Amino acid sequence: MELSLKKMTTHKPLGYLSGILMLAVLLYSCSSPQAGPHQQGPPQLPVMVVTSAPATTYLEFPASLEGKVNVDVRPQVSGYLEKIFVDEGAYVKAGQPLFKIDPKVYAEQLNSAASNQLAAQANLEKMQVEVDRLTPLVASNVISEVQLKTAKANYEAAKAALAQAKAAAGSARINVGYTLVTAPVSGYIGRLPYKVGALVSNVDAQPLTVLSEVREMYAYFSMSEADFITFKNNFPGKTLEEKLKNAPPVELILADNSTFTEKGKIGTIDGQFNKTTGAITFRATFPNPDGILRTGNTGKVRFAQEVPAAITIPQEATFEIQDKVLVYTVADSNKVASRPIRISGKTANFYFVSDGLKAGEKIVLSGTGNLRDGAVIAPQPVPADSVLKSKTL
């Protein structure tokens, strides 16, 4: 190497040697660990120590609302709709007139039935006179007893005919009354599909209207089998009826995410699970004194569960793989490891963990998108209290 260098310095110009030296310097500087750009260290990520504390969890289930009473108002007789006394959405009281069907045909039927009743009454009186006339003659042996028996039989037949005529007249009178359709209960009028002049009948598929009593509302919602088991285990009582009595009031979240002012009570549970959906139906009852809720409204039934020692973590600290929810835990060596957790409840911003984490363990709060198991991070401690206070629990 020395000979070669000496040869080069002997025979080559000075500028060429300078170029070689500069190249050597550059190569050295590139290979030196202290030169070049600053090497990037472990990512700095916020880390929280998991704690447990009493908390209130909420379970929410989609619900459909119905009035306590929903009555299909149908005509009892056929005829042309002569009058409509109410409008859609109006509140009516029980017994208030709603519709008037043309009564002329039924009024004539009543007149005919009343005339038949009078004729039957007259015939009965005639048969009574005949019996009264023959009775003393039989006693005096003027006529045979057979004639008297025949007269009494005719009397009984006339009596039966009168009863039949009275029934026909009563039926005709009822039909006349049916031409005035009144409200069977108090409530709100639904749609009015028929207009004045329409031919209506008691066999029509569509009712005249639907009358809803909404002073109390039923909210129907369903639970999966797992949620149902959790529900039963969270409330005291030996039987399901006792558990329902001990269950706390429930809230109703309306379609605009506002909370209904009145609280409800779970009243009944379906007798069996739906084989198709694998769910069981509950019914909660809500007072509706101002009539704000109507049949057909939707919402969510929410009820609270008190957890004496809940592990609460922010939802943004989790990620999902298939149907599992996971977090990254941090070991003493600052290496992270993914771990599945079980969620027992949630709020808008937090999860309540029932399994997978213990108090005192550390989790990565954010920036988990690029992490992998075994990666080393530079933890940036964040107090759990500040995390819980930063958002609404």
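A search of the whole structure, which is a predicted model, finds 9 salt bridges. Three of these pairs are set out below, with the separation of nitrogen and oxygen for each.

| Acidic residue | Basic residue | N to O separation |
|---|---|---|
| Glutamate 60 | Arginine 302 | 3.6 Å |
| Aspartate 102 | Lysine 104 | 3.4 Å |
| Glutamate 361 | Arginine 339 | 2.9 Å |

The side chains of glutamate 60 and arginine 302 meet in a salt bridge at 3.6 Å, N to O, and this pair links distant parts of the chain, since glutamate 60 belongs to strand E2 and arginine 302 to strand E13, 242 residues apart. Glutamate 60 has a relative accessibility of 37% and therefore counts as partly exposed, the cut-offs being under 20% for buried and over 50% for exposed.

In the salt bridge between aspartate 102 and lysine 104, the closest N and O atoms are 3.4 Å apart. Aspartate 102, at 23% relative accessibility, counts as partly exposed, whereas lysine 104, with a relative accessible area of 54%, is exposed.

For glutamate 361 and arginine 339, the closest N and O atoms of the salt bridge are 2.9 Å apart. This pair also links distant parts of the chain: glutamate 361 sits in the loop between strand E17 (350–355) and strand E18 (362–364), while arginine 339 is in strand E16, and the two are 22 residues apart. Glutamate 361 is partly exposed, its relative accessible area being 23%, and arginine 339 is likewise partly exposed, with a value of 27%. Elsewhere, salt bridges that share partners join Glu60, Glu251, Lys300 and Arg302 into one network.

**Strand pairing around E2, E13 and E17**

The strands that carry glutamate 60 and arginine 302, E2 and E13, are themselves paired: 12 bridges join E2 (residues 52–73) to E13 (residues 298–314), and the two strands run antiparallel. Within this pairing, proline 62 of the one strand stands opposite lysine 300 in E13, and Lys300 is also among the residues of the salt-bridge network. E2 pairs in the antiparallel sense with strand E9 (residues 209–224) as well, over 10 bridges, and here serine 64 stands opposite tyrosine 220 in E9.

E13 is in turn joined to E17 by 4 bridges, again with an antiparallel run, and the bridge partner of threonine 312 is phenylalanine 352 in E17. E17 also pairs with E16 through 4 bridges, these two strands running antiparallel, and isoleucine 343 has valine 353 in E17 as its bridge partner. The connection from E16 to E17 is a hairpin of 3 residues.

**An open sheet of four strands**

A sheet described as open is formed by 4 strands in the order E6-E5-E3-E8, with antiparallel pairing. Its edge strands are E6 (180–182) and E8 (199–200), each of which pairs on one side only. The link between strand E3 (residues 79–84) and E8 consists of 2 bridges between strands that run antiparallel, and glycine 79 stands opposite valine 200 in E8.

**Helices H3 and H4**

Two packed helices are described by the angle between their axes and the distance between the axes. The axes of helix H3 (residues 104–139) and helix H4 (residues 145–178) come within 8 Å and cross at roughly 165 degrees. Because angles over 145 degrees count as roughly antiparallel, H3 and H4 are therefore roughly antiparallel to each other. H3 passes H4 in a left-handed crossing, and the residues of the contact between the two helices divide into 22 nonpolar, 10 polar and 6 charged.

**Two asparagines with positive phi**

Most residues other than glycine have a negative phi. Asparagine 141, although not a glycine, has a positive phi of about 60 degrees; this residue lies in the loop between H3 and H4 and is exposed, with a relative accessible area of 68%. Asparagine 334, also not a glycine, has a positive phi of about 65 degrees. The place of asparagine 334 is in the loop between strand E15 (324–330) and strand E16 (336–346), and its relative accessible area of 27% makes asparagine 334 partly exposed.

Key:
Residues numbered from 1 in each chain as written. Predicted model: local features only at pLDDT ≥ 70, side-chain atom pairs only at ≥ 80, totals over all residues. Heavy atoms only, no water. Pairing = 2+ DSSP bridges. Axes fitted to C-alpha atoms, helices over the stretch in contact; angles between N-to-C directions. Parallel < 35°, antiparallel > 145°, perpendicular 65-115°, else oblique. Left-handed = near helix turned anticlockwise from the far one by under 90°. Nonpolar A, V, L, I, M, F, W, Y, C, P; charged D, E, K, R; others polar. Buried < 20%, exposed > 50% of the residue type's maximum accessible area, 1.4 Å probe, protein only. Salt bridge = Lys/Arg side-chain N within 4 Å of Asp/Glu carboxyl O.
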